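Here are my notes on this model, as numbered points. Have the structure open while you read.

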Amino acid sequence: MIRWRDPRVPPAAAAAAGAVAFAAALLTESPALVTGAVAGGMAALIAAASLLIASVKQTAHRPTAMGARWMGGGAVIWTAGVALRPFTESFFDSFADMFMLLGTVVMASGALLAADRKFPARVALRHLTDAYLCTAALFLIGWMVALRHVYAETADAAAFTLVMLPPMVGLLVTFAVVPSVLTSRSSSWLLGLAGVGALAAMTVAGISAAVARLMDAEPQLWGVMLAPVAFLLLAAVPWGPRVRQANRPSVGHAVALVPLALVAVAAGTLLLHQAGGRVGPPVTGVVVVAVSVVLLLLVRLFVVSVANVRLRGLVKLSERQLKELAESTGDVVFTCDYEGVVREIGAGVEVTYGYSPQELVGGSIFDYIHPEDVPGIQVAMRAMNLDEDNTAPGACLIACRVRAADGTWRPTESVATRHAGGRDLMLVTTRDVSDEEALRNQVAHLTFHDGVTGLPNRAYFEERTREVLSGRTSGTGTGNVAVIFLDLDGFTSVNDSVGHASGDYLLGQAARRLRGAVRADDTLARWGGDEFAVLVETGGDAQIAVDLAERLVRAVSQEPFRVADRDVALTASVGVAFAEDDLPAGDLMRNADVAMARSKELGGRRVEVFAAQMHADVMRRLELAADLQRALIEQQFAIEYQPVVDLATSRVTAVEALVRWWRGSVFVPPEQFLGAAEDTGLIVPLSEWILREACREVAAWRASSWDIGLSLNLSARQIMAPRFVETVEEALTESGLPASVLTLEVIEEMLVEDAEETIKRLSELRALGVRLAIDDFGTGYASLAFLRQLPVDMIKIDPSFVSGLGKDDTLTLLTRTIVRLGHDLGLIVVAEGIERPEQLELLKQMGCTRGQGFLVARPMAARGVDSLMRTSLTV
């Protein structure tokens, strides 16, 4: 036997002696122990190397890296303890066991790190308690099965305790780690599970070796090789496939039941041996372990009972708080069974529905629910009651009508859930949603009705039209369908004169008149602005729709509307369109709108029935407007000038600028596009361009010593343009043309429509020095009073008067009267449309000073005027 080295012995001799002793001891050990030591060492080194490499590669994932390092170190330390076991008698008996125990603890630490679980102290203590229960239970089972015989042969309690304590501690550590690893959600969960497997193998191998040492027998080969195999599997785990969290089974509840199961098995084993009379004399250590298990179980039972009482208190508190919260929000909370019998109900039911709680408890909820809603509620309650596996949703939303104490049916929304206090009860929270329902109805009404007139709005009318036409197509309709559009003529002036509030009041009056004119089955709606629409099902008689349209016209115009303490007379323009086969609802309404526009163009207060030609005209007008826009951008317009001459001397005194449009190589007459330009507003930029170009051209001619003036026609839109006066002033300034040279012509209708604003703007032009003329004098509706209000310089006789000179005595008399009126007022009189010599002679005899027409000179381009200026100043 090798002893501590004597100081008198040389070091080399001591080393040699130690080597000889090691070899002798190794040769004297059993082959199984030697094989286990060698295999364990190699397997541990392989596992340690594999885990170390894996920790380096998995540095980004800290749990994997740290767990691999610690488990690799634990494997090496445990194997070192196994290798030192043959020499324990040479040092001290428990030295190898301490190495093995340390390796077990380090391995367990690595498994915990890989599991990446952190528990509060209370949970960690519970895990340790469960581990002790499992370890003690297994020890008791092992004692009854085999260990008591080993103890009997050893007959040394101290030696038995010293040898069995390390593997039992290892078993305790293993059980302490198992719950954390099995319930882990970390991606390194499989590595931790492999560590637990290695711990189990190390523990079993330790117990097997301890039993062999106590029995002074050869260790079993399976016990010796168990740990090396586990180490090799542990070495392979880091390089295998990872298990996703979704694919892992949930074992939390099963882990919690393991200690109880083991304790139950241990108790059963003890009872069986006691019944068989094979227990033998009691052993103090075993009794202590059994008593500790019982005491620990009692403590656990007490802790669970306290926790259960606390949880029940929390549940009751939560229910009370929930009920108080629900009642504070106006909800009614009650419990009932699945037959609908009320068991308990809150006091809020008296405030909400007028019933006292005592009146409802014991009664059925179906006595207060609308009969139409009862079947659906019964089905839902039956489904919740039969759902023993909790496969149905945890809460059921129920909408129904409940009868209040005053007899009214109130809409409610309820949420029913299973009551925690009893399986046969439901907890129901009910809310009165009468206000919300009224608000929803109001919103729905406002969505499809007009707020001013109370009539259905455009959205409702469109939907209704589509519905009726679809029913007609499917054969369920009542016959032919017509749409009537109505527009109030002159309504815009009402808003401008008395305000929009009074205008809305007038619309309400008009709606009431129209509602009285239509039939009960007709759909009357406000389309928008001052337009109304009617959907008529004629039953095959088209005259019904036409007659109704005429009644609508009469209803509007039969008597004035009383608005703002004044009478306002309005008329209506009405268009009618009839449905045709496969005609979409949108096209039918569009046709009625086109017919209404046609009625308005023809003066209003009439009914127009849609014809295909109307739509073609509208499309041509739209195309013309688009072409006008493009022509203005591409400068397709040109200006021609028609000379105005002194009839006495034939001398050219001025030119009138006339716009011409060449659409490609096709000449478009002015009467075909000027109306569209006026309607679309393009007349404003077009007139501005004509003004600037004509002023520039005439200024150039005047610079050549030709005393010549310029005349331009104004449109209504141009006069009302925001910067009309400023635009004229800028054109004069840019061209250098004197203001007195420019004459702007207006027709009489412009002076009638919005006369106040028109006269104001023309007066501003007159203040600049610009001359004003009334074109087509005698054909309009203007009063002669306008000649006094407006400082006019010139009147132009309409060609319709001039054409009758010498042929029609009346026209001749009217023309002479106009010429004399002009002379008396000190105005220049210009005759337009002179085409025959006798017309020219008569005008000279009447004293008309100036004229223009094809006989005098045709309109010509600017270069034609240049040629005229170079050759002669007379025509």
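1. Start with strand S14 and its parallel partner. S14 (residues 651–663) runs parallel to strand S16 (residues 709–713), and 3 bridges join the two. If you want a spot to click on, Val655 stands opposite Leu710 in S16. Bear in mind that this is a predicted model.

2. Now the other neighbours of S14. Strand S13 (residues 637–646) is joined to S14 by 10 bridges, and these two run antiparallel. Tyr641 has Ala657 in S14 as its bridge partner. Strand S15 (residues 666–668) is also antiparallel to S14, with 3 bridges between them; here Arg663 has Val666 in S15 as its bridge partner. As a reminder, strands of a sheet pair through backbone hydrogen bonds, either parallel or antiparallel.

3. The turns deserve a look too. The hairpin of S13 and S14 has 4 residues between the strands, and Ser650 there takes a positive phi near 60 degrees. S14 and S15 make a hairpin as well, with 2 residues between them. In that turn, Gly664 has a positive phi of about 75 degrees.

4. Why call S14 largely enclosed by the rest of the structure? Buried means under 20% relative accessible area, and 10 of the 13 residues of S14 are buried, so the label follows.

5. Next, a sheet elsewhere in the chain. 5 strands make an open sheet with mixed pairing, in the order S7-S8-S6-S11-S12. Strand S7 (523–528) and strand S12 (606–609) are at the edges with a single partner strand each, so one side of each has no neighbour in the sheet. From one strand to the next, the twist averages 20 degrees.

6. At the S7 edge, S7 pairs with strand S8 (residues 531–537) in the antiparallel sense over 5 bridges. Thr523 has Leu535 in S8 as its bridge partner. Helix H18 (residues 542–557) packs on this sheet and touches strand S6 (481–489), S8, strand S11 (571–578) and S12. The direction of H18 makes about 165 degrees with that of S11.

7. Last, a surface feature. Val287, Val291, Val294, Leu295, Leu298 and Leu301 make a nonpolar surface patch of about 530 Å². Val287 is found in helix H10 (residues 284–328). Is Val287 buried or partly exposed? Val287 has a relative accessible area of 40%, so it counts as partly exposed.

How values were computed:
Residues numbered from 1 in each chain as written. Predicted model: local features only at pLDDT ≥ 70, side-chain atom pairs only at ≥ 80, totals over all residues. Heavy atoms only, no water. Pairing = 2+ DSSP bridges. Axes fitted to C-alpha atoms, helices over the stretch in contact; angles between N-to-C directions. Contact = heavy atoms within 4.5 Å. Patch = residues over 30% accessible without salt bridge, like charges linked within 9 Å, V, L, I, M, F, W, Y side chains within 5 Å. Areas by Shrake-Rupley, 256 points an atom, 1.4 Å probe, with all protein chains shown as cover. Salt bridge = Lys/Arg side-chain N within 4 Å of Asp/Glu carboxyl O. Buried < 20%, exposed > 50% of the residue type's maximum accessible area, 1.4 Å probe, protein only.
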